[in-house]
Amino acid sequence: MNILTIPLRTMRKKWLKTSLLFTVFALSVVAIVSLNYVSREVGHSLEKKLTAFGANILVSPRSEKLTVSYGGFSMGDMLMGMTDLRETDAEERILSIGYRDRISVVAPKLVSMARVGDVAVGVVGVRFEREKVLKGYWSMQGDFPAAENGVLAGSKAAARLGLKVGDGFDLAGRPAVVSGILDPTGSDDDSVMFADLGFAQAAFGQEGKVSFVEVAALCAGCPIEDIVRQLEEKLPDTDIQAMQSIVKQRMYSVHFVEHLILTVSLVILLIACCMVGATMLSSVNERVREIGLLRSLGFSRAGIFGVFCFEAVLIGLAAGVVGYFGGFFLSVEVLDLLGMAQEAEAAMHPGHLVLTCALIVGVSVLAAFFPSWKAASIEPSTALISL
């Protein structure tokens with residue numbers, strides 16, 4: 001008989017209580033592990049979906065603005081020392097940063113003015129396949145342009161120009177066709193026309209050039225400031241502006257889900273700890289005579305303390321292993337019910353299993369600390385009196 005065999009014999013002898021304790025603890029681990037996997041995938045999915053509500057980083061050419069007036073006559077704002085921003089070069093540099101895996105969409109834009117008949121209108125050249133991702137909230141009459149000369153008109157611009165879906169018109173000396181008209185968005189999109197970037201560059205003599213680049217970055221895995229810093233290193237001749245209000249709104253939504261899941265997990269863990277502590281304390285009270293005999297046979301206080309702690313270790317280790325695998329498979333089922341199984345990246349990792357088992361064993365031992373200390377404090381004479 002030694003410190004290792006005593007807990008095993010006790011657990012086998014009182015198998016019903018041990019099974020109940022193991023089941024409660026394992027179910028707690030299943031709930032915590034599944035909630036952790038689900039919350040992480042939901043957070044990533046939520047942030048990707050929020051990308052459809054606009055960019056959060058703006059890359060524009062560096063320039064100096066000078067307001068000029070003379071003799072009471074204002075000449076307006078003049079841009080001095082403005083550098084060209086090349087589409088291909090800018091995109092390659094943006095996608096070469098260390099956090100390139102956090103970049104969701106890179107959307108270059110060329111802004112110009114044109115006349116349709118006698119009416120002046122702003123024209124924005126875009127890559128429509130990227131704009132679909134960046135502006136997922138758009139709804140429209142018609143559809144996105146399929147041909148290079150297709151144009152998407154904002155609601156106000158279409159009304160001002162008297163255009164309808166399918167109408168043809170002259171844009172900067174080139175024939176264009178209205179493929180779709182945006183429903184009112186309440187933003188600047190309502191007042192401009194969107195054309196294919198290649199078409200706009202050729203029409204306005206700006207081949208290869210863009211006015212600015214919008215970047216949608218996923219910020220759950222790193223601070224937005226780090227992404228901006230890396231972009232500034234790769235694009236030293238540009239102004240990099242992070243739209244902090246948009247970032248904070250998105251991260252608030254993501255962190256709310258994470259904090260909610262963390263709170264629920266802590267409550268479950270606390271209940272499991274109380275269950276372990278109460279069961280171990282009950283076991284100590286039931287085994288007073290056994291403890292007295294062990295002390296009389298020469299077991300030290302540390303030995304008695306170790307017996308009960310080792311019992312908690314065994315239960316925690318078994319519950320951690322079973323709970324981890326059960327929690328992972330449960331999370332897969334939950335993600336499937338939520339319709340997120342295909343885009344989920346959940347995978348079992350040995351490191352996660354080891355960390356889960358270590359955490360649960362630590363919690364189990366911590367919960368059993370007081371009952372173990374109480375058992376070690378029992379004097380042999382006190383226990384033997386009850387024989």
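Glutamate 87 is buried in this predicted model, with a relative accessible area of 10%. The cut-off for buried is under 20%. The partner of glutamate 87 in a salt bridge is arginine 127, with 3.1 Å between the closest N and O atoms. This pair joins distant parts of the chain: glutamate 87 belongs to helix α3 (residues 87–94), while arginine 127 sits in the loop between β6 (119–126) and α4 (128–134), 40 residues apart. Arginine 127 has a relative accessibility of 21% and therefore counts as partly exposed.

Helix α3 also holds a salt bridge between aspartate 89 and arginine 93, whose side chains meet at 2.9 Å, N to O. Because the two residues are 4 apart in helix α3, about one helical turn separates them. Both ends of this bridge are partly exposed, aspartate 89 at 35% relative accessibility and arginine 93 at 33%.

A further salt bridge runs from glutamate 91 to arginine 130, where the closest N and O atoms are 3.1 Å apart. Glutamate 91 is in helix α3 and arginine 130 in helix α4, so this pair ties together parts that lie 39 residues apart in sequence.

Elsewhere, the salt bridges form a network: Lys109, Glu131, Lys135, Asp189 and Glu214 are linked in this way. The structure holds 9 salt bridges. Side chains of opposite charge can pair when their charged atoms come close.

Technical notes. Residues are numbered from 1 along each chain as its sequence is written. This is a predicted model: local features need pLDDT of at least 70, side-chain atom pairs count only at pLDDT 80 or more; totals for chains, interfaces and linings use all residues. Side-chain values use heavy atoms; hydrogens and water are left out. A salt bridge is a side-chain nitrogen of Lys or Arg within 4 Å of a carboxyl oxygen of Asp or Glu. Buried means under 20% relative accessible area, exposed over 50%, partly exposed in between (1.4 Å probe, protein chains only).
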